[in-house]
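Q: I'd like to learn how to read a protein model, feature by feature. Could you walk me through one?

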Amino acid sequence: MLEPWRTSLSRHSKRLAAIVLPGLLLVGCLGDQSALLPTPSGDDIAPRINTVQRASDQEHQRLLTAFGGEYRAPKARAALDEVVQRLAKAGEGQIGHYEITILNSPVVNAFALPNGRLYVTRGLLALANDTSEIASVLAHEIAHVTAQHAVERAEKEAESALVSQVVSQVLKDPSRGAAVRAGSKLSLARFSRQQELTADQISVRNISRAGYDPYGAGRFLATLGRNTAFRNSGQNQSAEDKRLDILSSHPQTPERIAAVTAAARQIGAPGIGERDANRWLNAIEGLAYGDDPRDGVVRGRRYLNSTLRIGFTAPEGFSLEAAQDMVIGVSASGSQALRFDSVTLKSGQTLESYVAAGWIEGVETTGIEKVDIGGQPAVIAYGKGTDWMFRLAAVQVGERVYRFILAARGASDPERPMRSIAESFRTLSPAEAQAIRPMQIRLVAAEAGDTVASMAERMPEQDRPSELFQLLNGIERNAALTPGQRYKVVAE
């Protein structure tokens, strides 16, 4: 009974990196749609697409709920609208009008509904470094729409309501529009390998016709691959976790990079087309990065929640990640795992009786000790399973009980790190809670002598800041910085 719990926690720990709707995101390469696909007659296409479009329209609000709602960023939205308009004019598809929505999610993803609604997460926007790169993302999604890939898939599924069917499975509770489930491997439109390659080909050709650098597709694909590696490094990944990777449903990244690069070369040598870095960086300056404060924020090993007005600090070496209703953490070695969440006691139930009953199935709870944590009544207990040892802590604040589970693989007792966590738990003053702000993308001009390391020092609360700085700016490990050039950093 313990390994499934460990797997569940591990899946949640990849939420920001790997909980995606695979097959919805990405960028593309060469190809003229009319040359690649037969053009159906109007009589043939209308009945086929209308059914899927109606289903797509019904899911817009539920998608907003699942991905944190719409993120208001006027400068970024204006830049995206301009790109979309240029792509629409340059394309030759059946649908010429598109509406784009920025989703308030740190997950790196983009997708389209069959009626022309396009979606990009703020997490994806932060990774792009110029207009051609973001154009390649949007062109790929537009290509799926114009090539009728979702319609083809819907037909193969016996005209099932594609979006409604899938969204109901990727939401924990579709009736309330709960958060996206970590374990889902489904997609809004899990296109075939050939459909993805076709969308790549159409999109590279389209961004070139729209006046953008066709090599932007390959650059952004490379960034996505690096993002996946960055998010997954330092943690023990199961085969299941790897299948949840953002690129898992697409052809292998090296294959796609080679294909889009070859397609760009057929158009011209490097240096052609627009790749306006300054325009794009201006558009995303101030963009929120990482956790939404409504769900709590991670600052290094600290977790702070302005809504609940609580905070705690994880042990040295732990990486934390905030989800909608919990916090999870994994030690650098992968031998210890932490979960934090909250519940409400039943009427007449005491804290001791609740902990004694056990809240981990199959784990016997013993050694219950009443303590005081942060001025609040609390209980610390011991639990043992087949392969894991547990330390449990529960802190009562009013009617709410905050729960900590610290699991250690093997025979090691995690008592000391649990007591460290428990002692760090505290309630925040109204002023402290109000002061919590999301991290943002900031632009910093490099000065003479600046290096990756010196820029990374501007992001002290980020995990592996040097690697993150390189990832955000699309630069290699030992790359020299250009004095006067602006680079992205993450800061309050």
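A: Sure, let's start with charged side chains. Keep in mind that this is a predicted model. Here Asp130, Glu133, Asp213, Arg219 and Arg275 are linked in a network of salt bridges.

Q: What lets side chains pair like that?

A: The general idea is that side chains of opposite charge can pair when their charged atoms come close. In this network, Asp130 forms a salt bridge with Arg219, and their closest N and O atoms are 3.1 Å apart. Asp130 sits in the loop between helix 6 (122-125) and helix 7 (131-146), while Arg219 belongs to helix 11 (residues 216-232), so the pair ties together parts that are 89 residues apart in sequence.

Q: Is Asp130 buried or exposed?

A: Asp130 has 2% relative accessibility, so it counts as buried, the cut-off being under 20%. Its partner Arg219 comes out at 21%, and therefore counts as partly exposed.

Q: How many salt bridges does the structure hold?

A: There are 25 salt bridges. One that's easy to look up is Arg86 with Glu274, where the closest N and O atoms are 3.0 Å apart. This pair links distant parts of the chain: Arg86 is in helix 5 (residues 74-90), and Glu274 is in the loop between helix 13 (253-267) and helix 14 (277-284), 188 residues apart. Arg86 is partly exposed at 23% relative accessibility, and Glu274 is partly exposed at 23% as well.

Q: Now for the sheets. How do strands of a sheet pair?

A: They pair through backbone hydrogen bonds, either parallel or antiparallel. In this model, seven strands make an open sheet in the order 8-9-10-14-13-12-11, with antiparallel pairing.

Q: Which strands stand at the edges of that sheet?

A: Those are strand 8 (318-322) and strand 11 (364-373). Each has a single partner strand, so one side of each is left without a neighbour in the sheet. On average, neighbouring strands of this sheet are turned by 20 degrees against each other, direction ignored.

Q: How many bridges join strand 12 to strand 13?

A: Seven bridges join strand 12 (residues 376-384) to strand 13 (residues 388-397), and the two run antiparallel. To find one on screen, go to Ala378: its bridge partner in strand 13 is Val395.

Q: What lies across this sheet's strands?

A: Helix 16 (residues 415-424) lies across strand 10 (336-344), strand 11, strand 12, strand 13 and strand 14 (400-409). Helix 16 runs at about 155 degrees to strand 14. There's a salt bridge to look at here too: Asp413 pairs with Arg391, with the closest N and O atoms 2.9 Å apart. Asp413 is in the loop between strand 14 and helix 16, and Arg391 is in strand 13, 22 residues apart. Arg391 is buried, with a relative accessible area of 10%, whereas Asp413 is partly exposed at 36%.

Q: In what order do the strands of the three-stranded sheet come?

A: That open sheet has the order 4-16-17, and its pairing is antiparallel. Strand 4 (288-289) and strand 17 (486-491) stand at the edges with a single partner strand each, so one side of each has no neighbour in the sheet. Six bridges join strand 16 (residues 439-445) to strand 17, and Arg442 stands opposite Val489 in strand 17.

Q: Which helix packs on this sheet?

A: Helix 14 does, touching strand 16 and strand 17. The direction of helix 14 makes about 20 degrees with that of strand 17.

Technical notes
Residues numbered from 1 in each chain as written. Predicted model: local features only at pLDDT ≥ 70, side-chain atom pairs only at ≥ 80, totals over all residues. Heavy atoms only, no water. Pairing = 2+ DSSP bridges. Helix = DSSP H or I, 4+ residues; strand = E, 2+ residues; numbered from the N terminus. Axes fitted to C-alpha atoms, helices over the stretch in contact; angles between N-to-C directions. Contact = heavy atoms within 4.5 Å. Salt bridge = Lys/Arg side-chain N within 4 Å of Asp/Glu carboxyl O. Buried < 20%, exposed > 50% of the residue type's maximum accessible area, 1.4 Å probe, protein only.
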